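User: Hi! I have a protein model open and would like to understand how its parts are held together. Could we go through it step by step?

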Amino acid sequence: MNKKLVVVLLCCFAFAKAYSQKYTLSGTIIEESNGETMIGVNVLIAALETGTTSNEYGFYSISLPAGQYEITYSFIGFKNIVKKVNLTQDTKLDIALAEASEELDAIVIKADVEKLDTRSPQMSVNSLDIETIKKVPVVLGETDLIKALTLLPGVTNPGEGAAGFNVRGGAADQNLVLLDEATLYQSDHLFGFFSVFNPDAIKDLKLYKGGIPARYGGRVSSVLDIYQRDGNRQNLSATGGIGIVSSRLLLEGPIEKEKSSFLIGGRSSYAHLFLPLFDIENQAYFYDLNAKLSFTLNDKNRLYMSSYFGRDVFDVNGLFGNTFGNSFVNVRWNHIFNSKLFSNASVIYSDYNYGLELEFVEFVFDSGITNLNAKYDLTHYVNDKVKLKYGLNSIYYQFDPGQISPTTDDSPITADELTKKYAFENGLYIDGEFKISEKLNINAGLRLSTFNRLGQDELNTYDENGPLLFNEELQIYESATPTGTVSSSRGESLSTFANLEPRLAVSYSLDDDTSFKASYQRIAQYIHLISNTNAPTPFDLYAPSGPFIDPQIGNQVAVGYFKNIGDYSLEVESFYKLVDNRLDYIDGADLIANDAVERILLSGEARAYGLELLLRKNRGRLQGWIAYTLSRSEQRTPGRTAQETGINNGDWYSSPWDKTHDLTITGNYELNKKWSFGANFTLQTGLPVTFPNGQYEFNGLFIPTYEARNSSRLPLIHRLDLSATYVPKPEKTKGWQGSWVFSLYNAYNRMNAASVSFAQNQDTGRNEATRLAIFGAVPAVTYNFKF
């Protein structure tokens, strides 16, 4: 009896041990048709009510108790794959997903995606599918990622024909824009008419407005993280489009089938070629190039090389020339240590260049920013309840404020070079995703950032270290006169800053379709954009933190309610953001070719708060969303002493990009397989402006006086955009496939004010206000193709 009992106990113990033993299921997920790795694919284990998603390089990993399971792999627009797995050891399972051939497949998968996101602690993220973006009506018919994002809550632009975008009341320079991990300083072409992103080359994009993970740093408002496609590993193919003002072409294919691939794509505008027909000698055009190589070295190693080069060119009758743009080269190495540990190492060279040629005064002005970024990131899948991300990066900056060169030997201009500035920015982070219980999930992270302003030539010195003086008699600020300069080697440090940046996001699920979320973030920003316009322009000045300029520190909290309701989903979020050390320029400041910006700057604070609503319809022939944002964005720059007035007498004033109300309604209706129709309606509060409120005469001149800063507004903005997409042969899946996109921007020809200027009428002698509108109704047609 005793022996039998011992045998039974040993069997039970062995069974319990086997059942409690956990093994790891991991692998890489690709598209079946082209071998492209897939981001964000859901890996679901229904029996355990758990799952995971593939990372930025298609890798997934999850630890499960020993046993037999049905594993479901799902992604919007692709057929579900269900695999039966008998997990008795660590198992590698690579998956290839096929595109859904019927609409029903995509509908089911989309529902699964949204339910999984409801439980995730990550909030305040805007994400759009590339195919959805391509259906959004835009000016001049060119697909625009940035314009599509502004249709979602919390994201606005500075106005029609203006570059950049604003997130939750933040400035454009407070957005970190990444393309394949490389920083872009200009996100638009032709001052905002087009974005720098070729839609055919983009695999995935996410805009983080809050709850930003600790792996990101350097900007206090948002992170726009975009990944390029790897290239087709199966077949040679091409994608492109021909529009009325621009065209694009992308080629991709295998270098060695299933092991390596290439991708190269280019875009260019050509409207300037027709201007001479109308005796117009001005030019304005852009061009850009995307390229990428990817190699699978073996089961554990992959190598990627990607690059981008873009330029905008302006020429006004041969008298004024302007060329500017971004470029970068990135080399990345993926390595899988084991089924639980994934790594990525990157070395990135990035450059932003601005050139100006004034032929009538015979000189050329060149400026720019160059940075070299080395980063190493690891993802550790500890178990099915804990996932860790940790890593470090170091960025070396060279700021070139400008170099002036004469264009002729007899030019009256003397060659001069503004002092270059140098800096190191470093970051060390750890992020954790924790499944505390079935209802409670937490993301927590910490980032340590440092910024070291390096030695330079001719740093100004001032009496009592004060570059800006206040004239109490005239009640105005005046630039101090330098008492001298000091020079130091690159190995010396002028200033050092260090900041701890905690991040936290929490979700509590009431059921599979309902959850509450909250987040907090603290971020330091060491690079400042000094601008006297609402939107970024090439004339703006980038300045690093240093002896006279402190870094911006942003703190943001957000809470939200998320609900899936059948075919619909509802997101409600509220946020409050406070930014310290926000710079503003004094009245009368001159920013162009300024070699001592500390003499025109005051440090203040900014705040933004608001409510965001997003109601989506996710299924059916009619899909779309209603987005509404109620918010305020304000700045305050008080005097440094009780005697100083500061800016606007130290009172809060609306930031230049503040929009109290922002409503967009976006819809797409699929009539049949050949025709689909899109529309979006926009209604926004006009931007803040400062109007003159009087004038006085001095020595025969009339001098205007002005109201408090940004105390008036431009008129209400509203616009309706329409589009229709026609696919002649929707059943054709091989060979030449084409489609036509017809769009009408500003359908009812609303002349929205971009600015209001004041001048004296020469006939009546009275002062008059003139409203400038950029666009009326703009029709466009684009032919898209692939083969």
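User: Which residue's side chain meets that of Arg215 in a salt bridge?

Analyst: Happy to help, and keep in mind that this is a predicted model. Arg215 lies in the loop between β16 and β17, and its partner is in the loop between β3 (50-53) and β4 (59-65), so the pair ties together parts that are 159 residues apart in sequence. The N to O distance is 3.9 Å, which fits the cut-off of 4 Å for a salt bridge. The partner of Arg215 is Glu56.

User: How many salt bridges does the count come to?

Analyst: Each one needs a side-chain nitrogen of Lys or Arg within 4 Å of a carboxyl oxygen of Asp or Glu. By this rule, the count is 35.

User: Which residue forms a salt bridge with Asp180?

Analyst: Asp180 sits in the loop between β12 and β13, while its partner belongs to strand β23 (residues 320-338), 152 residues apart. The closest N and O atoms of the pair are 3.4 Å apart. The residue that pairs with Asp180 is Arg332.

User: Are Asp180 and Arg332 buried or exposed?

Analyst: Buried means under 20% relative accessible area. Asp180 has 0% relative accessibility, so it passes that test. Arg332 has 1%, so the label for this residue is also buried.

User: Which residues are linked with Asp180 and Arg332 in a network of salt bridges?

Analyst: The pair we just discussed, Asp180 and Arg332, belongs to a network. The other members linked with them are Glu36, Lys203, Asp230 and Lys292.

User: Which residue forms a salt bridge with Arg709?

Analyst: Arg709 lies in the loop between β47 (701-706) and β48 (712-713), and its partner is in strand β39 (residues 568-585), so the pair ties together parts that are 125 residues apart in sequence. Arg709 counts as buried at 17% relative accessibility, and the partner is buried at 8%. Their closest N and O atoms are 3.1 Å apart, and the partner is Asp584.

User: Which element gives the largest share of the largest nonpolar core?

Analyst: This core has 31 residues, and Phe165, Leu179, Phe197, Ile202, Leu205, Leu224 and Ile226 touch the most other members. Several elements each supply at least two of its residues, including α3 (130-134), α4 (145-149), β16 (202-208) and β17 (222-228). The largest share, four residues, comes from α4.

User: Which residues does Ile226 touch, not counting residues up to four places away in sequence?

Analyst: Ile226 is one of the core residues that touch the most other members. Beyond its sequence neighbours, Ile226 touches Leu145, Leu178, Leu179, Asp180, Phe197, Ile202, Asp204 and Leu205.

User: Which strands stand at the edges of the five-strand open sheet?

Analyst: The order of this sheet is β9-β16-β17-β12-β13, with mixed pairing. An edge strand has a single partner strand, so one side of it is left without a neighbour in the sheet. The strands at the edges are β9 (125-126) and β13.

User: What is the bridge partner of Leu178 in β13?

Analyst: Strands β12 and β13 run antiparallel, joined by three bridges. In β13, the partner of Leu178 is Thr183.

User: How many bridges join β50 to strand β53?

Analyst: Strand β50 (residues 737-745) also pairs with β49 (residues 717-726), in the antiparallel sense over five bridges. On that side, Tyr726 stands opposite Trp740. With β53 (residues 778-786), where Ser743 stands opposite Ala780, β50 again runs antiparallel, and the number of bridges is nine.

Key: Residues are numbered from 1 along each chain as its sequence is written. This is a predicted model: local features need pLDDT of at least 70, side-chain atom pairs count only at pLDDT 80 or more; totals for chains, interfaces and linings use all residues. Side-chain values use heavy atoms; hydrogens and water are left out. Two strands pair if DSSP finds at least two bridges between them. A nonpolar core is a set of buried Ala, Val, Leu, Ile, Met, Phe, Trp, Tyr and Cys residues joined through side-chain atoms within 4.5 Å. Buried means under 20% relative accessible area, exposed over 50%, partly exposed in between (1.4 Å probe, protein chains only). Contact means heavy atoms within 4.5 Å.
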